[in-house]
Amino acid sequence: MRITRRIVVSLAIVAIALASLGAFFQVSRDGRAQEEAFARRARLLADGLEGVVLELVERGDRKGLDRLAEAVGDGGGVAGLAVYGPKGELISRSSRLQAAPSSPPDPVRQALRNGSPARGSAGLKDRSIQVDALPLTIHGEPLGALAVVHGPTPAPPRLGSAWRRAFLMALAQTALIVLVTILVLRFSIAGPIAQMALWMKQLRTGEPALRPAPPNVHLFSPLTREVETFSRQLARARAAVEEEARLRQAGEARWTPDRLAEHVRHRLQGRPLLVVSNREPYMHVRRGRSVECIVPAGGLVTALDPIMRASGGTWIAHGAGDADWQVVDRENRIRVPADDPLYTLRRVALTKEEEDGYYYGLANEGLWPLCHIAHTRPVFRPEDWAHYEKANQKFADAAAKEMEGLQEPCILIQDYHLALLPELLKQRRPDARIAIFWHIPWPNPEAFGVCPWRRELLQGMLGADLIGFHTQVHCNNFLDTVDRTLESRVDWERFEVRRSGHATAVHPYPISVAFPETFQDVAPDRASETDRETFLKEMGITGRYLGIGVDRMDYTKGVLERFRSIERFLEIHPTFRGELTFVQLGAPSRTHIKRYHDFLAEVESEAERINWKFQARDWKPIVFLKRHHSHREILPFYRHADFCMVTSLHDGMNLVAKEFVASRDDGAGVLILSRFTGASRELRDALIVNPYDIEEMAGAIDSALQMSREDQATRMARMRETVREHNIYRWAGNLIEALSQVRLDQVVARSE
Ligand code: ADQ
């Protein structure tokens, strides 16, 4: 109530002050107006009497003048009148003016002298009076003057009563304003604040999974946004604390975002972590007139974003969105994610030609097929190589800028787009600890040997202190390739390459997902999750069984083989026609490249062919959803599927397999997994298949659909344990640990 009292008192003080000022001005204005009215009346009287007086004076009718003087005055603001001769001698005057001296007052003298009306004051014995004098002339000859003497001015209105009136008026207005203010306060501020407080209390005390909806109060929307972010962080922190407590109790040491953050802080001694990749984690694109922020599909972003969220730092990447440059600051930086900024994204600008040559050309038409054994010939063009070198140089410039002022900075370079970057940076900053992680497979030396710039690529990579692959096989292939291509010493016991006095360690770091946070984070409202029946109905799926595939549309992912295995399964098991639907979520990728463009068309026509072959009235075996889906959209597919097919012809790791496992906290569902993925080394309870063997894959689908619930649960529990233990935070923790232990004194003169 204190605020109400404060409002009432302040308004009352203002009202009293205004009433006093108003009364003062009112009184002085009324006094002036009264005086002016008196003067006007006297002047009018003088003008009106002029003719009569003139006539009486001309006739010398003294009695007539006296009668007239007696008749006028004492009322209406006129005290009386007097008539003077041409020399100022008094001829007649009202008897009420007997006290006045008979000599003409100053205004009369002026009127006689100037022949024009005059006004002024004249002294009586005890006071001064106002006189209006009018000259009396006939044919230009002065006959005298007429003086109208003003009556006493009535007393001006009294200040006290005027003040009282104004105060009462102000008081009434104040009371009205106070009433309205209190009502507005009550309903527009106090009410919503109480609502907000209740909402915040629910957030604080309630189940994080059951987050109440925020009150719909426009005035507080900035506050609501902040509180929502805060409550998310609180929920996460609470979950982390509970997890930590649980782990401590179980005597385990599982990796969590908080543990990673602590680890990074400790290992990097407060220095920010720098990450460089081609692909950016958040891309700004134009949608009509507005700008939308999207998360590009791809394993690298899926893996690294949670790490950067946990550890903070700067991520340097190519700004590929058409609205990217609209939202950055002068240093091309932006804090991300927008709703809860946790790290900095620094964008690197590339020209269209550079992007064509470096990204689409050398990286994706050259190195990608070179490293994946998937029967697509790599294309090597010298102009693409020139752009690749130039783009790497641009990334080096940006990274060097971010390293300014940092001692022994730690930098994690990502993938095959940036193979030259480690050496470029090491030359500039020998004190930097540099790692490069290669997200795709490394082929054997013969396969890699066809690359015209194999020496330059290896040399660039060996500028790093640490090189990471997903599996030991890829490490071995790499060391073999170095051994056969460059003059260097490969230490097979320590898995190290020594060259020009610099040592590079080569180790496997199997990448993973943020088990279990990814999916709880994107879909915390489990309560509102649709059940399987509703979900299938919404999807228009009439059958009983659901199989899924989730991929970037890439020819290495074995999507065609997957479709053919569905076809084969339905040929062998006709009873499943109308019962099994396979949904393929496919994010179009690198479609500027002809091979990808053709591949997408091929996938579509293959789905059509198979659908046409089996199609019944309201069922088709393959549903191809060709677009980018958010993780929130993908989640129900993972959770309701009977089986998930990951059938890559060759894949560094494959995170879809791990995401599927991480999402199945119901312990159901079967993973069919290609033996040519890195993931197949860890997820041994999946049904491991050779994607080139269509019969075998059809058999795996059959096994998946026949598998008992117990068998599914046992396998899923083991796979979940593996992913839980070897999550993305462990991957990052191990990588950063190894990088922080690099001995920089091993870096001696490169000319050695
Ligand atoms: P990719 O070949 O891109 O990555 P993969 O590991 O299969 O990837 O991960 C794909 C990611 O994209 C997953 O997070 C998945 O959810 C997402 N995704 C797939 N389809 C999508 C769709 N339709 N819409 C939206 N998102 C979709 C490379 C290597 C992999 C390696 C990763 C990480 O080729 O072998 O596992 O890097 O190192």
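**Residue environments and ligand shell in the predicted model**

R590 is placed in the loop that runs between strand 19 and helix 17 (594-614). The structure described here is a predicted model. With a relative accessibility of 12%, R590 counts as buried, because the limit for that class is under 20% relative accessible area. The side chain of R590 forms a polar contact of 3.2 Å with the side chain of Y416. When residues up to four places away in sequence are set aside, R590 touches Y359, Y360, N364, W368, Y416, R552, D554 and Y596. Y416 thus appears both as a polar partner of R590 and in the list of residues that R590 touches.

D554, one of the residues touched by R590, is found in the loop between strand 18 and helix 16 (559-572). Its relative accessibility is 0%, and D554 therefore counts as buried. Two polar contacts between side chains involve this residue: D554 is joined to W368 at 3.3 Å, and to T556 at 2.9 Å. Beyond four places in sequence, D554 touches W368, R590, Y596 and F599. W368 and Y596 are listed among the residues touched by D554 and also among those touched by R590.

W442 occupies the loop between strand 13 (433-437) and helix 11 (445-448). Its relative accessible area is 1%, so W442 is classed as buried. The side chains of W442 and T481 are joined by a polar contact of 3.0 Å. With residues up to four places away in sequence not counted, W442 touches F448, L458, M461, F469, H474, N477, F478 and T481. The C-alpha atom of W442 is separated by 9.5 Å from that of I373, although the two residues are 69 residues apart along the chain.

H726 lies in the loop between helix 21 (709-725) and helix 22 (728-740). A relative accessibility of 35% makes H726 partly exposed. Apart from neighbours within four places in sequence, H726 is in contact with S512 and E682. Between the C-alpha atoms of H726 and V57 the separation is 129 Å, with their positions 669 residues apart along the chain.

The ligand is surrounded by 28 residues, of which H439, H629, D651, L655 and E659 come nearest. By residue class, this shell divides into 11 nonpolar, 11 polar and 6 charged residues. Three pairs of polar atoms connect the protein and the ligand in the following way. An N or O atom in the side chain of K557 is 2.8 Å from an oxygen atom of the ligand. A polar backbone atom of A587 is found 3.1 Å from a nitrogen atom of the ligand, and a backbone N or O atom of R627 is 3.3 Å from a ligand nitrogen atom. On its own, the ligand has 720 Å² of accessible area, and the protein covers 97% of it. Two or more residues of the shell are contributed by each of helix 7 (299-311), strand 18 (545-552), strand 19 (580-587), helix 18 (631-640) and helix 19 (655-663).

Backbone geometry was also examined. V336 and P337 are joined by a cis peptide bond, with omega at about -10°. P337 is located in the loop between strand 10 (333-336) and strand 11 (343-348). For N332, phi is near 65°, a positive value in a residue other than glycine. N332 belongs to the loop between strand 9 (313-318) and strand 10, and is partly exposed, with a relative accessible area of 26%. H375, likewise a residue other than glycine, has a positive phi near 60°. The position of H375 is in the loop between helix 8 (352-371) and helix 9 (382-403). H375 is exposed, since its relative accessible area is 67%.

Regarding confidence, the average pLDDT of the chain is 87, and 90% of the residues score at least 70. Over residues 747-752, pLDDT stays under 50, and the model has 14 contacts for this segment beyond four places in sequence.

Definitions and conventions
Residues numbered from 1 in each chain as written. Predicted model: local features only at pLDDT ≥ 70, side-chain atom pairs only at ≥ 80, totals over all residues. Heavy atoms only, no water. Helix = DSSP H or I, 4+ residues; strand = E, 2+ residues; numbered from the N terminus. Buried < 20%, exposed > 50% of the residue type's maximum accessible area, 1.4 Å probe, protein only. pLDDT = per-residue confidence, 0-100. Contact = heavy atoms within 4.5 Å. Near = heavy atom within 4 Å. Polar contact = N/O pair within 3.5 Å; in protein donor to acceptor, adjacent residues only side chain to side chain. Areas by Shrake-Rupley, 256 points an atom, 1.4 Å probe, with all protein chains shown as cover. Nonpolar A, V, L, I, M, F, W, Y, C, P; charged D, E, K, R; others polar.
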